[in-house]
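Q: Hey, can you walk me through this one? I've got it open but don't know where to start.
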Amino acid sequence: MFPFLLDERVWICTLCLLFFIFVCLFLSGFYPYSAAIPDLPGRTGLQLIREYPTMYQYDELDRQVVNNRVQQFRGQMNRYLSGELSEEAFLPLRLQNGLYIQKHAPMLRVAVPYGMMSAQQLRRMAEVCDRYDKGYCHITTRQNIQFNWVKMEDVADILDTLADVEMHAIQTSGNCIRNTTSDPLAGVAADEQTDPRPYCEIIRQWSSLHPEFAFLPRKFKIAVIGAAEDRASIQLHDVGLQLVRNAAGETGFKVWVGGGLGRTPMLATLIWDFLPQAHLLGYLKAVLRVYNRYGRRDNKYKARIKILVNSLGAADFSAQVETEFQRTNTEEFQLTGAELEHARSFFTEPAYEQLDADACSDEDAPPAYHHWLRRNVRAHRVAGYAIVTLSLKYQGTAPGDISSEQLRRAADLAERFSFAEVRNTQQQNIVLADVKRSDLFALWQEASRMELAAPTIGTLSDVVCCPGGDFCGLANARSLPINTAIQQRFDDLDYLYDLGDLSLRISGCINACAHHHIANIGILGVDKKGEEFYQLTLGGETGKRSQIGKVLGPSIPLDAVPDALEAIVDVFVEQRHEDEPFISTYQRIGKDRFKERVYATGH
Amino acid sequence: MQRVIKQQEKDGQHDPWQLLTDVSADFVPAGDTDYILPLSAWQLLAPEFKGFQRIPGVWLEADIELEPLAEVFTAAPLVAVAFPAFVDGSGFSTGSLIREMFSYKGELRAFGSLLSDQLGYLRRCGYDSVVLPDDQDMDIAIQQFNADMVSYQGDVLQPYTPFRRRISAD
Ligand code: HEM
Ligand code: SF4
């Protein structure tokens with residue numbers, strides 16, 4: 001009927017034309033994420049639409065907001081460098097953009113919203129490390145990334161480079177709403193009821209460059225979880241939100257207010273047990289308004305919202321918030337179903353395969369592998385998959401430090417084994433959330449080669465530690481040498497495993513960057529007549545429940561710390577019932593026995 | 001001379017207002033001057049404002065209780081909010097509340113310790129004029145105050161939730 005179709009020249013010509021049209025469409029941006037996605041092995045272009053399946057991706061508005069801010073900051077930086085802008089005026093402006101001045105160099109803190117990064121973003125971090133820093137960076141206890149050696153005049157360029165991969169440093173320090181943190185196992189944990197990430201993203205956007213809350217009395221931190229176990233320490237935040245369902249099956253939040261560490265550590269108080277999800281932003285606005293108008297500004301150490309909540313009393317504070325909420329909670333501030341749906345659409349399930357639940361690789365692998373399986377691998381909610389923690393606690397490096405080479409390899413591992421995405425944890429490690437059990441052995445081998453497989457997650461040597469006196473201008477004492485000494489003292493893996501779950505955190509001063517208050521064993525650097533001394537706290541915890549540790553006794557000098565630690569561990573081992581974790585023993589016997597032993601040695 | 005920046009206007013625009021920090025008991029208003037009075041004086045002289053050519057404006061501290069002031073916001077043609085220090089941002093909430101809670105339609109003015117880099121945020125919180133301190137850069141201030149702002153939240157006069165407009169555009 002159509003004899004010309006039989007002519008193969010027509011076919012070739014048509015195919016070429018189609019191909020040409022396709023290429024044109026592709027190049028002209030019809031394919032929306034072409035710029036944002038690296039070559040992933042084994043996948044073809046068109047499948048890749050929205051594939052980082054589990055990450056938010058910028059649209060035009062996000063890009064404009066971030067680019068405008070970078071331009072504005074570039075201007076401010078230029079005015080500062082040329083002397084037009086005073087030190088004093090530049091201070092809040094640079095802090096709102098994550099730029100601290102510390103001992104040796106400026107430090108730039110980059111926001112990693114709720115801890116999630118793509119392989120491509122990891123690679124960009126590696127480039128920044130190599131080009132603008134000393135070849136490594138640092139993962140913080142609020143899931144962000146810090147560059148410790150940047151130059152002032154490079155900062156705007158770094159921000160441009162970040163914006164290319166949909167990252168920024170907006171509000172990572174200063175007295176404003178900080179990066180929203182979350183559960184590093186969001187979307188994959190078996191105990192999760194609702195995925196918190198869509199809400200985190202809505203809060204990220206709402207709080208970014210909010211005109212009303214950029215000059216608060218003090219910093220303001222929000223954390224959101226959707227699971228039973230609290231892996232984000234929400235009660236240590238200014239506002240902690242837990243997604244729950246009410247009897248009618250509707251989704252909402254339990255709201256805690258007024259947590260924080262620092263000089264006056266406090267757990268947040270529950271002020272509402274069911275905030276309907278549509279009212280999330282209206283309610284946050286009300287809390288922040290009450291804080292912005294009535295929080296103290298006369299004393300830096302009394303300026304956090306926890307002090308306001310405490311001085312008014314939780315009931316009075318929440319009544320004030322409620323009044324404010326009721327009178328200004330108009331329709332414009334309420335989240336519609338369509339908006340929530342849109343936010344959720346970025347965090348869909350990746351393409352899990354139907355796998356055999358116990359397809360574990362290599363029974364006859366070396367014991368080291370089995371240790372790693374026990375400590376660094378957790379159950380996933382999908383059969384045949386596992387959650388893997390890459391450890392940044394390798395002997396001889398500062399906890400949380402990661403080199404550009406490791407960043408690149410972590411990116412490779414993420415692409416090969418975990419849908420090209422990773423999460424930073426509060427414990428300063430990196431999680432690969434979606435690994436096939438059958439890939440675990442191969443992953444372990446690769447990770448070991450890169451010194452990312454220390455099989456010690458959750459043990460005494462999984463230390464959380466701030467940079468302390470070696471780098472930080474605010475420090476009273478160094479924290480890294482304590483870490484080193486402890487690593488050397490407790491280097492027997494079998495012994496570490498016997499001790500079981502035991503958290504240890506070290507802060508160089510009362511700013512408590514390492515959150516030492518919530519560690520089973522906390523160490524805090526203090527200044528005693530110009531010398532480095534350390535205060536020990538016991539009994540802090542986070543996770544199933546939150547608890548602030550109690551001071552054990554007078555502070556002790558640097559060289560006495562390892563012995564004191566050993567004394568504490570000895571008491572634990574003697575008093576322990578069977579496989580009891582440290583925290584249970586401590587709660588059972590109290591602190592006196594520990595105290596006697598630590599101070600018996602004559603400090 | 002004090003430098004007042006208004007929306008869409010340039011440096012040195014004629015500004016009729018004279019702000020009095022204190023008003024003594026024997027104060028007699030000049031017949032041809034528009035005054036901004038401290039809140040206590042304004043309330044004392046209300047509602048007749050004897051001797052004033054028009055209802056004066058009022059200025060208040062940023063952390064003042066607003067609830068009892070509904071009448072002030074109904075009558076005053078101008079409300080000025082004092083910023084005690086540029087790091088003290090309580091005035092951003094105060095301005096927003098005056099617009100939002102009392103639907104105040106008159107002129108809302110910021111004065112005191114301010115940075116020219118804060119003018120974008122001031123405008124989005126409902127301020128439509130700013131007295132710029134002498135040490136602040138006028139060009140930056142004007143540019144920030146009038147910039148066409150793309151944002152996630154809109155401003156106090158037209159607020160929105162971050163995704164609302166983007167998905168309805170689909
Ligand atoms: C060397 C550079 C650093 C400097 C100059 C610095 C400075 C400070 C200061 C001044 C504070 C208390 C005041 C405030 O919150 O604004 C603080 C708190 C904090 N920092 Fe750092 N810090 C540094 C490094 C780090 C690192 C490496 C981490 C992560 C391990 C970190 C995590 C935190 C956290 C989580 C808090 C809040 C603690 C709380 O809940 O109150 N900081 N930092
Ligand atoms: S806890 Fe203190 S010493 Fe450590 S990083 Fe924070 S401010 Fe510096």
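**Where two domains meet**

A: Let's start at one interface: between domain 1 of chain A and domain 4 of chain A, the rule finds zero salt bridges. Keep in mind that this is a predicted model.

Q: Okay, so how many residue pairs are in polar contact there?
A: The count between domain 1 of chain A and domain 4 of chain A is one residue pair, with both residues at pLDDT 80 or more.

Q: And what classes of residue does domain 1 bring to that side?
A: The side of domain 1 of chain A touching domain 4 of chain A has two nonpolar, four polar and one charged residues.

Q: Back up a sec, where does each domain of chain A sit in the sequence?
A: Domain 1 covers 60-115 + 125-164, domain 2 is 181-346, domain 3 is 367-449 and domain 4 is 464-600.

Q: How much area do domains 1 and 4 of chain A bury between them?
A: About 660 Å², with 55% of it on carbon and sulfur atoms.

Q: Which residues in domain 1 lose the most area to domain 4?
A: Gln102(A), Lys103(A) and Thr141(A), and together they make up 58% of what the domain 1 side buries.

Q: Switching topics: what surrounds ligand 2?
A: Its shell includes four cysteines you can look up, Cys466(A), Cys472(A), Cys509(A) and Cys513(A). Leu474(A), Pro467(A) and Asn511(A) are also among the residues around ligand 2.

Q: How does that shell divide into nonpolar, polar and charged?
A: The shell around ligand 2 has eight nonpolar residues, three polar and no charged.

Methods:
Residues numbered from 1 in each chain as written. Chains lettered and ligands numbered in written order. Predicted model: local features only at pLDDT ≥ 70, side-chain atom pairs only at ≥ 80, totals over all residues. Heavy atoms only, no water. Domains from an automatic or database assignment. Buried area = accessible area lost by both parts, 1.4 Å probe. Salt bridge = Lys/Arg side-chain N within 4 Å of Asp/Glu carboxyl O. Polar contact = N/O pair within 3.5 Å; in protein donor to acceptor, adjacent residues only side chain to side chain. Nonpolar A, V, L, I, M, F, W, Y, C, P; charged D, E, K, R; others polar. Near = heavy atom within 4 Å.
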